[in-house]
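I set out to record what the coordinates show, beginning with the pocket and moving on to single residues. The entries follow in the order in which I looked things up.

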Amino acid sequence: MKYAALVYNKPGSFEALSDGERQTVSGEYMAVRQDPRCVDGAQLEPVTTATTVRVQDGRTLTTDGPFADTKEVFGGYFIFDAGNLDEAIELASHVPSTWMGGSVEVRPVVESQPA
């Protein structure tokens with residue numbers, strides 16, 4: 001079964017690290033990406049580059065920045081092909097955000113059925 005691991009970062013936590021610590025943390029993210037059960041993943045640009053889109057009365061409205069001011073920001077994702085939720089959680093526990101003040105939300109992916 002495929003699981004999405006949505007990575008939420010505490011703003012500034014990565015920038016607060018020394019150069020050596022940043023290299024170590026980056027290596028840990030890459031180790032998760034290199035696990036054979038990880039089938040996809042990507043880091044997102046900073047939340048300051050976000051554009052929020054809404055449609056109201058048939059008009060498309062955009063706002064620069066994220067939808068809401070939060071303590072954690074969506075920073076990237078992984079897609080795991082894991083045997084069960086426990087295995088996906090174990091993989092997610094290796095994502096540095098989990099111990100850097102952020103979190104990883106794990107959710108089953110609804111896989112589309114061929115027509």
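**Entry 1. Pocket lining.** I first asked which elements each supply at least two residues of the lining of the largest pocket. Strand E1 (2–9), helix H1 (19–34), strand E2 (38–43) and strand E5 (73–81) each do so. E5 gives the largest share of that lining, with six residues. I note that the model is predicted. The volume of this largest pocket comes to about 700 Å³. The lining has 28 residues, of which Asn9, Tyr29, Gln43, Leu44 and Gly75 are the closest to the centre of the pocket. By residue class, I recorded 14 nonpolar, 10 polar and four charged residues in the lining.

**Entry 2. Overall fold.** I then listed the secondary structure, which comes to two helices and six strands. Read from the N terminus, the order is β-α-β-β-β-β-α-β. The C-alpha trace spans about 50 × 45 × 20 Å along its principal axes. Of the 115 residues in the protein, buried ones make up 26%. I also looked up the contacts with a sequence separation of 6 or more: 72% of them join residues 24 or more positions apart.

**Entry 3. Helix H2.** Which residues of helix H2 (residues 85–92) are buried? I found Ala88, Leu91 and Ala92. They lie on the same side of H2, because they cover an arc of only 100° around the axis. The general rule is that an α-helix has 3.6 residues a turn, so residues three or four places apart point the same way. The cover over the buried residues of H2 includes E1, E5 and strand E6 (103–108). At the N-terminal end of H2, I recorded Asn84 as the cap. A side-chain oxygen of Asn84 lies 3.1 Å from the backbone nitrogen of Asp86.

**Entry 4. Glu72.** I located Glu72 in the loop between strand E4 (59–64) and E5. Is Glu72 buried, partly exposed or exposed? Its relative accessible area is 29%; Glu72 is therefore partly exposed, since that class lies between the 20% and 50% cut-offs. Leaving aside residues up to four places away in sequence, Glu72 touches Tyr8, Asn9, Pro11, Gly101, Gly102 and Ser103. For Gly102, I noted a separation from Glu72 of 30 residues in sequence and a C-alpha to C-alpha distance of 6.2 Å. With Ser103, the contact is polar and runs from side chain to side chain, at 3.0 Å. Asn9 thus appears twice in my notes: Asn9 touches Glu72, and Asn9 is one of the residues closest to the centre of the largest pocket.

**Entry 5. Ser13.** I next turned to Ser13, in the loop between E1 and H1. Its relative accessibility is 16%. Ser13 therefore counts as buried, the class being set at under 20%. I looked up what the side chain of Ser13 reaches, and found the backbone oxygen of Lys10 at 2.9 Å.

**Entry 6. Asp57.** My last query concerned backbone torsion. Asp57 has a positive phi of about 55°, although Asp57 is not a glycine. I placed Asp57 in the loop between strand E3 (51–56) and E4. With a relative accessible area of 75%, Asp57 is exposed, because that class begins at values over 50%.

Definitions and conventions:
Residues numbered from 1 in each chain as written. Predicted model: local features only at pLDDT ≥ 70, side-chain atom pairs only at ≥ 80, totals over all residues. Heavy atoms only, no water. 1 Å grid on protein atoms, 1.4 Å probe; cavity = no way out; pocket = protein on both sides within 12 Å on 5 of 7 lines; lining within 4 Å. Points joined across faces, edges and corners; volume = space filled by probe spheres on them. Helix = DSSP H or I, 4+ residues; strand = E, 2+ residues; numbered from the N terminus. Nonpolar A, V, L, I, M, F, W, Y, C, P; charged D, E, K, R; others polar. Buried < 20%, exposed > 50% of the residue type's maximum accessible area, 1.4 Å probe, protein only. Arc of directions from axis to C-beta. Contact = heavy atoms within 4.5 Å. Polar contact = N/O pair within 3.5 Å; in protein donor to acceptor, adjacent residues only side chain to side chain.
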